[in-house]
Amino acid sequence: MTGKRFYHIGFGQEDLGSSPPEIALLSGDPERARLIAQTHLRDVRLLSENRGLNTYMGYLANDRLILSATSGMGAPSLSIVVNELIQVGIRKIIRIGTCGSIQPHVSVGSIVISSAALCRQGAANDIAPVEYPAAADPFLTVALVKAAQELGVEHHWGITASVDTFYEGQERTDSANPYLMRSLQGITEEYRHLNILNYEMECGTLFKMAGVYQFAAAAVCGVVAQRTVSENIIYPQKDIAVENAIATAVRAAANLVSP
């Protein structure tokens, strides 16, 4: 693979230098990837903005080189980016996302650290069977929990529902399609009784890929909606939730390794 520039992420192994990073912080939103690079890394270098999949390389405060990369929205896009990141040598991935709480005690502005995912995603089925577990790496997950504790961030640890669609799949009716299939009507309440904490759209596929490809993966999401109250995103607290998730992931990555 030496010298190969990958079609989607827009860079290859040679672009990472002689001592390449092994950790990537992976955000769905390219602006979040840029924010991480600008505010939490030093000596940042833009690797690519190909297809809006922005990737930056820079140093943590402890001089560890890492990537801040963009996965795009949803599991199919993430699956492409992750596959190519693994091919350039990344061995640990922490997803930094946003989510909607489905439990009354998981408030907007807090973060959810996913131990595993109920995975209802077509992309994941191309990676492994439906029955294949979608579990986070325990060591990365504990690092996220410890980081949240050190930072004093309100955090919750548990199972996430990872689904393919933002509207129908998360039982939203306030959209262009108010008529849900019967199989989705009441699904949020069912998940609540299964002690699932939140909805998001990527980590189930990420966790299955980690098991099959043999890398370590974890996920932390800022809570931007409280689905026990409303379908709406709470914008005044969205930035707080995102910054809490970013700070937790950055601290965890710094604590994991030494320079």
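# Worked exercises on a predicted model

About 490 Å³ of space lies in the largest pocket. The model is predicted.

**Exercise 1. Describe the lining of the largest pocket: how many residues, of which classes, and from which elements?**

Step 1. Take the count. The lining holds 24 residues.

Step 2. Find the centre. R32, M73, T98, F166 and M201 lie nearest to it.

Step 3. Sort by class. Ten lining residues are nonpolar, seven are polar and seven are charged.

Step 4. Assign elements. At least two lining residues each come from α1 (30-40), β5 (92-101), β8 (196-200), β9 (216-226) and α7 (235-256). The largest share belongs to β5, with five residues.

**Exercise 2. Compare the span of α7 with its expected value, then state which of its residues are buried and what covers them.**

Step 1. Compute the expectation. α7 has 22 residues, and 1.5 Å a residue gives 32 Å, because the expected span uses one less than the number of residues.

Step 2. Check the model. The end C-alpha atoms of α7 are 32 Å apart, which agrees.

Step 3. List the buried residues. They are A241, V242, N244, A245, I246, T248, A249, V250, A252 and A253.

Step 4. Identify the cover. It includes β1 (23-27), α1, β5, β6 (111-120), α4 (138-151) and β9. Of these, α1, β5 and β9 also each supply at least two residues to the pocket lining, as does α7.

**Exercise 3. Which residues have the most contacts inside the largest nonpolar core, and which elements build that core?**

Step 1. Size the core. It has 33 residues.

Step 2. Pick out the best-connected members. These are L67, V82, L85, I93, F207 and F215.

Step 3. Map the core to elements. Two or more residues come from each of β1, β4 (65-70), α2 (75-87), β6, α6 (203-213) and β9.

Step 4. Look at one member. Leaving aside neighbours within four places in sequence, F215 contacts V82, I86, R91, I93, L206, M209 and A210.

Step 5. Look beyond this core. A second, separate core has 30 residues, including Y56, V145, A147 and A148.

**Exercise 4. Locate R51 and N195, and say what is notable about phi in each.**

Step 1. Recall the background. Most residues other than glycine have a negative phi.

Step 2. Read the angles. Phi of R51 is near 55 degrees, a positive value in a non-glycine residue. N195, also not a glycine, has a positive phi of about 65 degrees.

Step 3. Place them. R51 lies in the loop between β2 (42-48) and β3. N195 lies in the loop between α5 (187-193) and β8.

Step 4. Check exposure. The cut-off for exposed is over 50%. R51 has a relative accessible area of 54%, so R51 is exposed. N195 is at 57%, so N195 counts as exposed.

**Exercise 5. Are N50 and T55 buried, partly exposed or exposed, and what do they touch?**

Step 1. Place N50. It sits in the loop between β2 and β3.

Step 2. Apply the cut-offs. Partly exposed falls between 20% and 50%. N50 has 28%, so N50 is partly exposed.

Step 3. List its contacts. Not counting residues up to four places away in sequence, N50 touches Y7, H8, I9 and G10.

Step 4. Add a distance. N50 and I80 are 30 residues apart in sequence and 13 Å apart in space, C-alpha to C-alpha.

Step 5. Turn to T55. This residue is in strand β3 (residues 55-59). Its relative accessibility is 1%, so T55 counts as buried.

Step 6. List the contacts of T55. Beyond its neighbours within four places in sequence, they are F11, R45, L46, L47, S48, L67, S68 and A69. Among them, L67 is also one of the residues with the most contacts inside the largest nonpolar core.

Terms used. Residues are numbered from 1 along each chain as its sequence is written. This is a predicted model: local features need pLDDT of at least 70, side-chain atom pairs count only at pLDDT 80 or more; totals for chains, interfaces and linings use all residues. Side-chain values use heavy atoms; hydrogens and water are left out. On a 1 Å grid over the protein atoms alone, a cavity is a set of points where a 1.4 Å probe fits but cannot get out, and a pocket is an open set with protein on both sides within 12 Å along at least five of seven lines; lining residues have an atom within 4 Å of a point. Grid points are joined across faces, edges and corners, and a volume is the space filled by probe spheres set on the points. Helices (H or I, at least four residues) and strands (E, at least two) are DSSP runs, numbered from the N terminus. Ala, Val, Leu, Ile, Met, Phe, Trp, Tyr, Cys and Pro count as nonpolar, Asp, Glu, Lys and Arg as charged, and the others, Gly among them, as polar. Buried means under 20% relative accessible area, exposed over 50%, partly exposed in between (1.4 Å probe, protein chains only). Contact means heavy atoms within 4.5 Å. A nonpolar core is a set of buried Ala, Val, Leu, Ile, Met, Phe, Trp, Tyr and Cys residues joined through side-chain atoms within 4.5 Å.
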